[in-house]
Amino acid sequence: MAAEVCPVCGLDYGSIKPLDAIAAIRSFPRRYRASLTTFGQDEDADALARRRPGPDEWSALEHAAYAADMIDRYAPAVRRMLVEDNPTLPFFGPEARVEEERWNESPVGRVVSDMETACADMASALDAVGADDWTRRGRFDWGERDILAAAREAVHQGSHHLRDIEQVLRRVRGR
């Protein structure tokens, strides 16, 4: 990660300590569930969650599915970093998965469940990290990182896309 602060969402990576990362990861299922299921009585929740604000922009549901998928990718990476010395941890072209997996057609409940599962797994992986292990390293496609940096990036994915969901829903509601 080149920047210490995300220029889009403002998340300050350096402010996230290990216990903060675990707490944030554990908070995401509740927060995503609320953002995807709390609508006014006169609103079509399912349609709003799937509506794209523009032709090349993601819906709220796609942002949520993407964040769950990304968080889900970090738990096995952390586990490998704990038991292997500097493993190579290839990621994939995650943006392509939005269309490949047809996330905008997924049931909202399934996306929320995927977030719950991903976050529970990530929190479990981070719970297993000992005080001296947060600096264990792995090689990602974007460079060598330690476990704390991986945890921070998972938090960033969850936080960043939650913010995106809020913005998308405001736009598709016309507010």
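## Terms first

Ala, Val, Leu, Ile, Met, Phe, Trp, Tyr, Cys and Pro count here as nonpolar, Asp, Glu, Lys and Arg as charged, and the others, Gly among them, as polar. Keep that in mind for the pocket below. One more thing up front: this is a predicted model.

## The sheet

Let's start with the strands. There are 3 of them, forming an open sheet in the order 1-2-3 with mixed pairing. Strand 1 (88-89) and strand 3 (143-146) sit at the edges, each pairing on one side only.

Strand 1 and strand 2 (residues 137-140) run parallel and are joined by 2 bridges. Across from leucine 89 you'll find phenylalanine 140 in strand 2.

## Helices on the sheet

Now for what packs against those strands. Helix 6 (residues 147-173) packs on the sheet, where it touches strand 2 and strand 3. The direction of helix 6 makes about 95° with that of strand 3.

Helix 3 (residues 60-83) lies across strand 1, strand 2 and strand 3. Relative to strand 2, helix 3 runs at about 135°.

## The largest pocket

Helix 3 turns up again here: helix 3 and helix 5 (108-127) each supply at least two residues of the lining of the largest pocket. The volume of that pocket is about 160 Å³.

In total, 13 residues line the largest pocket, and Ala65, Ala68, Asp69, Asp72 and Asp114 are the ones nearest its centre. Sorted by class, the lining holds 7 charged, 5 nonpolar and 1 polar residues.

Notes:
Residues numbered from 1 in each chain as written. Predicted model: local features only at pLDDT ≥ 70, side-chain atom pairs only at ≥ 80, totals over all residues. Heavy atoms only, no water. Pairing = 2+ DSSP bridges. Helix = DSSP H or I, 4+ residues; strand = E, 2+ residues; numbered from the N terminus. Contact = heavy atoms within 4.5 Å. Axes fitted to C-alpha atoms, helices over the stretch in contact; angles between N-to-C directions. 1 Å grid on protein atoms, 1.4 Å probe; cavity = no way out; pocket = protein on both sides within 12 Å on 5 of 7 lines; lining within 4 Å. Points joined across faces, edges and corners; volume = space filled by probe spheres on them.
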